[in-house]
Amino acid sequence: MEQNASALPKVTLGQYKGLEFTRRVRPVSEKAVELEAANLTRTRAPFAPVEKSAARGMRVTLDFEGFMDGKAFDGGKEDGFELKIGSGQFIPGFEDGMVGHSIDEEFEINVTFPENYNAENLKGKPAVFKCKIHEIKAKEYAELDDEFAKDVSDFDTLDEFKADIRAKLEESAKNAADAKLDADITDAVLS
């Protein structure tokens with residue numbers, strides 16, 4: 001299908017002769033490489049069982065049952081539920097109520113359902129959840145060493161792995177500089 005040339009928008013170029021532009025590529029520091037490598041140890045860290053009290057960021061496996069006015073309510077009971085504390089998966093106050101409790105401990109969490117809760121019979125109402133934690137897991141961070149480099153990459157040493165990270169960061173910096181230069185030229189010519 002052929003387009004009619006008169007249907008295309010008219011573009012008026014501004015002053016473009018004599019304009020000068022500089023492509024600025026941000027250098028990649030050793031600190032940026034270290035931070036990127038350290039970030040990989042955090043993002044790839046598995047959760048492993050621990051013998052500690054529950055804290056934000058940990059995963060717990062628990063049983064819970066909710067009660068209103070001393071009576072269990074529908075949909076308020078779960079056995080063997082896995083929850084990451086701080087994920088925002090539960091109503092406000094529930095996850096914070098897990099903090100400080102230990103494996104096999106039975107405890108209660110008092111909460112109030114939000115006014116905008118999806119179950120009409122629970123909106124704005126106070127509830128008590130009886131809970132028991134069966135397992136607590138925390139992230140197990142790897143050492144930033146040759147073994148880690150082998151586990152997460154095709155490289156045999158940490159130095160080779162960091163060199164690859166540096167190359168990728170430098171490529172990203174070059175691409176960002178090119179995009180900025182293109183935008184600067186376009187803005188100057190079309191202004």
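**Entry 1: overall layout**

What share of the contacts in the protein with a separation of 6 or more comes from residues 24 or more positions apart? I found that such residues account for 61% of these contacts. I note at the outset that the model is predicted.

I then looked up the secondary structure, which comes to three helices and five strands. Read from the N terminus, the order of the elements is α-β-β-β-β-β-α-α.

For the overall dimensions, I recorded that the C-alpha trace spans about 80 × 55 × 35 Å along its principal axes. The radius of gyration is 28 Å, whereas a compact globule of 191 residues would have a value near 16 Å. I also noted that 29% of the 191 residues count as buried.

**Entry 2: the nonpolar cores**

I turned next to the largest nonpolar core, which has 26 residues. Which of its residues touch the most other members? They are Val 60, Leu 62, Phe 94, Met 98 and Phe 129. At least two residues of this core are supplied by each of β2 (59-68), β3, β4 and β5 (126-139). The largest share, six residues, comes from β5.

A second, separate core has ten residues, among them Val 33, Ala 37, Ala 149 and Val 152.

I followed Leu 62 further and left out residues up to four places away in sequence. Its contacts include Phe 81, Leu 83, Phe 94, Met 98, Cys 131 and Ile 133. Leu 62 also touches Glu 78, Asp 79 and Lys 132.

**Entry 3: His 101**

Where is His 101 found? I located His 101 in the loop between β3 (71-84) and β4 (106-112). Is His 101 buried or exposed? His 101 has a relative accessible area of 18%, and it counts as buried because the cut-off is under 20%. Not counting residues up to four places away in sequence, His 101 touches Ser 53, Ala 54, Phe 107, Ile 133 and Ile 136.

**Entry 4: two pockets**

The largest pocket has a volume of about 220 Å³. I counted 15 lining residues, of which Phe 64, Gly 75, Phe 90, Tyr 117 and Phe 129 lie nearest its centre. Which element gives the most to this lining? It is β3, with seven residues. The lining divides into nine nonpolar, three polar and three charged residues. I noted that Phe 129 appears in this lining and also in the largest nonpolar core.

The second largest pocket has a volume of about 160 Å³. Its lining includes Glu 36, Leu 40, Arg 44, Val 152, Phe 155, Phe 161 and Lys 168. Two elements, α1 (30-43) and α3 (158-190), give two or more residues to this lining. The largest share, five residues, comes from α3. By type, the lining of the second largest pocket has six nonpolar, one polar and four charged residues. Val 152 is one of these lining residues, and Val 152 also belongs to the second core.

**Entry 5: two residues with positive phi**

Finally, I checked two backbone angles. Asp 69 has a positive phi of about 50° although it is not a glycine. Asp 69 lies in the loop between β2 and β3. Asp 69 counts as exposed because its relative accessibility is 79%, and the cut-off for exposed is over 50%.

Asp 104 is likewise not a glycine, and it has a positive phi of about 70°. I placed Asp 104 in the loop between β3 and β4. Its relative accessibility is 52%, so Asp 104 counts as exposed.

Technical notes
Residues are numbered from 1 along each chain as its sequence is written. This is a predicted model: local features need pLDDT of at least 70, side-chain atom pairs count only at pLDDT 80 or more; totals for chains, interfaces and linings use all residues. Side-chain values use heavy atoms; hydrogens and water are left out. Helices (H or I, at least four residues) and strands (E, at least two) are DSSP runs, numbered from the N terminus. Buried means under 20% relative accessible area, exposed over 50%, partly exposed in between (1.4 Å probe, protein chains only). Contact means heavy atoms within 4.5 Å. A nonpolar core is a set of buried Ala, Val, Leu, Ile, Met, Phe, Trp, Tyr and Cys residues joined through side-chain atoms within 4.5 Å. On a 1 Å grid over the protein atoms alone, a cavity is a set of points where a 1.4 Å probe fits but cannot get out, and a pocket is an open set with protein on both sides within 12 Å along at least five of seven lines; lining residues have an atom within 4 Å of a point. Grid points are joined across faces, edges and corners, and a volume is the space filled by probe spheres set on the points. Ala, Val, Leu, Ile, Met, Phe, Trp, Tyr, Cys and Pro count as nonpolar, Asp, Glu, Lys and Arg as charged, and the others, Gly among them, as polar. The radius of gyration is taken over C-alpha atoms; the globule rule is 2.2 Å times the number of residues to the power 0.38.
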